[in-house]
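Got the viewer open? Here's a short walk through the model, one selection at a time.

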Amino acid sequence: RFMKYKTQMVSSSFLHSDSDISLYGNVEIAAEAIHLKEYQAKGIGLLRSEFMVLQARSLPGFAEQREFMASILQKAGYISTTIRTLDVGSDKVAEFMDMTSEANPALGLRGIRYSLAHPEEFLIHLKAIVSLCELAPIQIMLPMVSMPWEVVKARQYLHQAIRELQAEGYHVPDSVPLGIMVETPACALGIERFAHLADFFSVGTNDLTQYIMASDRGNKCVGDLCSPYQPPVLELLQRIADASKSMAVPVSVCGETASDIFYLPLLHGMGYRSFSVRTSTIPEIRVVLSGIDSKRSRYLVEQALRCSSAEETIQLCDNFMAEIL
Ligand code: PEP
Ligand code: MG
């Protein structure tokens, strides 16, 4: 589907203003950060910090963690960066990690749950992240949040990390923005409960889809079911956009859907205006977004919300793309 439109997109000449749209890059390794400036990304919208742990032989300490993340910031030109705290567990497990075996690891001790169960490691990790405030504007994001108390607890550790760093002579601010990934149904359905706790929301459509559809995102046998084009996923994404707007909490999408040029018009029509995407896709995404206007994308979403299968939604999105290009 993508290749069919690629050439047309690049030669597309009807560029509207995309001034109300913010585009950020998702980064896992330093090499991905190099082009962000050239692509005029507003920043790194998702730095997947777990990659420094998964590649290591033993748990990296403060200095190693700081160095790993600082090298990414340096490659990115010290632009504003949202660092996600370790999203380990489930399919992302390093050999040295203290994990008991779990029958359903995707529903187990992953993300913020793992961090809160290992407070000493979490504090070192937070200190390594906060220390980077000396280099660039930093925001912190918590993965796999399902309950408000997890954010309350994490914020306490964040305050402790800031106090300790200041006492050690680091020039870090008294507070650092703390946001959450919206990627569990518990968080998405109860999003109002997080409005006064989180400084921003970032929607993780990869996990949100797997948990809404009760289908493993890495299991090909249920690949069709585990699709963000499924109507229940659309409904919940619309609800998150509406709730964020009415509670005035900044929201963006950092899951794969934002890097899918066919899905973007849906996100746009739901009201999302901030996206963190696979870095290499930024130029194409910019062109597609500049061809979308609010009236048409809204109409697309109204139609999509009446679909009863992913196939129907995909067909709608295909037609929409053929119309705008
Ligand atoms: C997501 O779940 O959509 C997400 C961005 O996080 P990850 O893919 O790293 O789990
Ligand atoms: Mg996720």
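## Warm-up: helix 12

Start by selecting helix 12, residues 282-290, where Ile282, Ile285, Val288 and Leu289 are buried. Turn the view until you look straight down the axis: the buried residues of helix 12 fall within an arc of 125°, so they line one face of the helix. The general rule behind that pattern is that an α-helix has 3.6 residues a turn, so residues three or four places apart point the same way.

## Colour by confidence

Keep in mind that this is a predicted model. Colour it by pLDDT: the protein averages 92, and 94% of the residues score at least 70. Now pick out residues 7-18, where the pLDDT is below 50. That stretch still has 16 contacts in the model beyond near neighbours in sequence. The overall scores are ipTM 0.99 and pTM 0.94.

## Ligand 1 and its shell

Next, select ligand 1. Which residues are around ligand 1? Show Arg48, Asp87, Glu183, Gly204, Thr205, Asn206, Asp207, Cys254 and Gly255. Sorted by class, this shell has 1 nonpolar, 4 polar and 4 charged residues. The largest share, 3 residues, comes from helix 9, so that's the next stop.

## Helix 9

Select residues 205-212 for helix 9. Helix 9 is mostly covered, with 7 of its 8 residues buried: Thr205, Asp207, Leu208, Thr209, Gln210, Tyr211 and Ile212. What covers them? Among the elements packed over the buried residues of helix 9 are strand 5 (178-182), helix 8 (185-189), strand 6 (201-203), helix 10 (231-246) and strand 7 (251-253). Just after helix 9 comes Ala214, whose phi is positive, near 50°.

Now zoom in on two neighbours in helix 9. Asn206 lies in this helix and is partly exposed, with 16 other C-beta atoms within 10 Å. Leaving out residues up to four places away in sequence, Asn206 touches Arg217, Gly255 and Glu256. Asp207 is also in helix 9, but Asp207 is buried, with 23 other C-beta atoms within 10 Å.

## What the record flags

Bring in the UniProt annotation, which comes from an unreviewed entry. Under "binding site", UniProt lists Arg48, Arg84, Asn206, Asp207 and Arg217. UniProt also lists Glu183 and Asp207 under "binding site". Those two span 25 residues in sequence, yet no two of their C-alpha atoms are more than 5.4 Å apart, so they gather at one spot.

Click on Glu183, which is found in the loop between strand 5 and helix 8. Is Glu183 buried or exposed? With 25 C-beta neighbours inside 10 Å, Glu183 counts as buried. Apart from residues up to four places away in sequence, Glu183 touches Met144, Gly204, Asp207 and Leu208.

## Last stop: Met144

Follow that contact from Glu183 to Met144. Met144 lies in the loop between strand 4 (138-142) and helix 7 (148-167), and Met144 is buried, with 26 other C-beta atoms within 10 Å. Show what Met144 touches, again skipping residues up to four places away in sequence: Asp87, Arg110, Gly111, Ile112, Arg113, Met181, Glu183 and Thr184. For a sense of scale, draw a distance between the C-alpha atoms of Met144 and Ala41: these residues are 103 residues apart along the chain, and the atoms are separated by 26 Å.

How values were computed: Residues numbered from 1 in each chain as written. Chains lettered and ligands numbered in written order. Predicted model: local features only at pLDDT ≥ 70, side-chain atom pairs only at ≥ 80, totals over all residues. Near = placed C-beta within 6 Å. Helix = DSSP H or I, 4+ residues; strand = E, 2+ residues; numbered from the N terminus. Nonpolar A, V, L, I, M, F, W, Y, C, P; charged D, E, K, R; others polar. Buried ≥ 20, exposed ≤ 12 C-beta atoms within 10 Å, placed from the backbone. Arc of directions from axis to C-beta. UniProt positions renumbered as here; feature names shortened; annotations may be inferred. Contact = placed C-beta atoms within 7 Å. pLDDT = per-residue confidence, 0-100.
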